[in-house]
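Me: I would like to learn how to read a ligand site in a model, beginning with the contacts and then moving out to the space around them. Could you take me through it step by step?

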Amino acid sequence: MPKPRIIIALDYPGAEAAKALLEQLDPARCRVKVGKELFTAAGPAFVSKLVQQGFDVFLDLKFHDIPNTVAKACQAAAELGVWMLNVHALGGGRMLAAAREAIDSSSHQPLLIAVTILTSMGPEELEQIGLTGDAGEHVRRLTSLAQEAGMDGVVCSPREVAMLRKHIGPSFKLVTPGIRPKGAAAGDQIRMMTPAEAVAAGSDYLVIGRPITQQPDPMAALAAIENEIG
Ligand code: C5P
């Protein structure tokens with residue numbers, strides 16, 4: 001069975017709230033993402049427990065700080081046994097290099113991914129922080145920076161995948177949230193694609209939250225998405 005492309009975003013307020021879904025999930029069928037909300041509420045022990053249960057865990061804490069602090073945080077995350085973790089490319093080349101070095105010297109080496117530009121930011125907000133012009137151009141430049149600094153991939157909008165693939169090799173991972181099966185509620189996502197479209201464009205991993213977690217039958221929703229991407 002091929003390793004799953006689907007990463008389910010466990011966007012829950014605590015361990016108890018995540019339990020009902022986790023009890024139904026098979027680690028051979030999907031990976032899981034723990035973000036700031038669940039991590040802050042449930043802590044590193046909860047992450048370790050998921051790892052012990054056999055889940056590939058994407059620890060989505062988007063580190064962005066001075067190089068030394070980010071390096072130490074990456075090392076601590078690696079020691080939890082997670083499969084993937086991320087940092088902000090906007091932290092700069094030295095910060096990214098420090099994160100790379102920290103992971104390389106850890107006994108367990110998760111995939112190290114950079115966030116380029118948050119998909120929630122539109123042109124006006126980008127301009128407020130001095131990022132004028134085409135957002136896609138900033139994403140492309142930050143992706144090159146991430147690649148040069150030795151990241152294993154980037155988080156990006158599925159709509160940026162085809163453009164980025166032209167600039168990077170096939171092994172550089174493209175991780176895409178903003179996935180909505182046909183007919184699903186958009187919620188706060190703006191630049192979306194269906195699961196099949198994202199895979200066809202070249203996305204390696206699909207981060208999916210509400211279209212699975214908020215459905216009356218999450219396992220049926222997962223099965224439908226698996227069927228769609230084949
Ligand atoms: O519920 P939904 O499918 O929109 O969840 C998407 C997940 O991906 C959320 O956990 C969200 O925080 C995360 N994410 C995102 N956009 C980014 C980075 C992460 O939607 N640029």
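**Reading the ligand site**

Reply: Start with the polar contacts: in this predicted model, a polar side-chain atom of Lys-33 lies 2.8 Å from an oxygen atom of the ligand.

Me: Which backbone atoms lie at 2.8 Å or 2.7 Å from an oxygen atom of the ligand?

Reply: A backbone N or O atom of Gly-209 is 2.8 Å from a ligand oxygen atom, and for Arg-210 a backbone N or O atom lies 2.7 Å from an oxygen atom of the ligand. As for cover, the ligand taken alone exposes 470 Å², of which the protein buries 84%.

Me: Which residues of the shell come nearest to the ligand?

Reply: There are 13 residues around the ligand, and those that come nearest are Asp-11, Arg-180, Gln-189, Gly-209 and Arg-210. By character, the shell divides into five nonpolar, three polar and five charged residues, while β8 (205–208) and α9 (210–213) each supply at least two of its residues.

Me: How should I read the space itself?

Reply: Rolling a probe the size of a water molecule over the atoms shows where empty space is left. Here the ligand takes up the space of the largest pocket, whose volume is about 750 Å³. This pocket is lined by 35 residues, with Lys-33, Asp-60, Lys-62, Pro-177 and Gln-189 closest to its centre.

Me: Which elements give two or more residues to that lining, and how does the lining divide by character?

Reply: The elements are β2 (31–35), α2 (36–52), β3 (57–63), β8 and α9, and the lining residues divide into 15 nonpolar, 10 polar and 10 charged.

Notes
Residues numbered from 1 in each chain as written. Predicted model: local features only at pLDDT ≥ 70, side-chain atom pairs only at ≥ 80, totals over all residues. Heavy atoms only, no water. Near = heavy atom within 4 Å. Polar contact = N/O pair within 3.5 Å; in protein donor to acceptor, adjacent residues only side chain to side chain. Areas by Shrake-Rupley, 256 points an atom, 1.4 Å probe, with all protein chains shown as cover. 1 Å grid on protein atoms, 1.4 Å probe; cavity = no way out; pocket = protein on both sides within 12 Å on 5 of 7 lines; lining within 4 Å. Sits in = over half its atoms within 2 Å of the grid points. Helix = DSSP H or I, 4+ residues; strand = E, 2+ residues; numbered from the N terminus. Nonpolar A, V, L, I, M, F, W, Y, C, P; charged D, E, K, R; others polar. Points joined across faces, edges and corners; volume = space filled by probe spheres on them.
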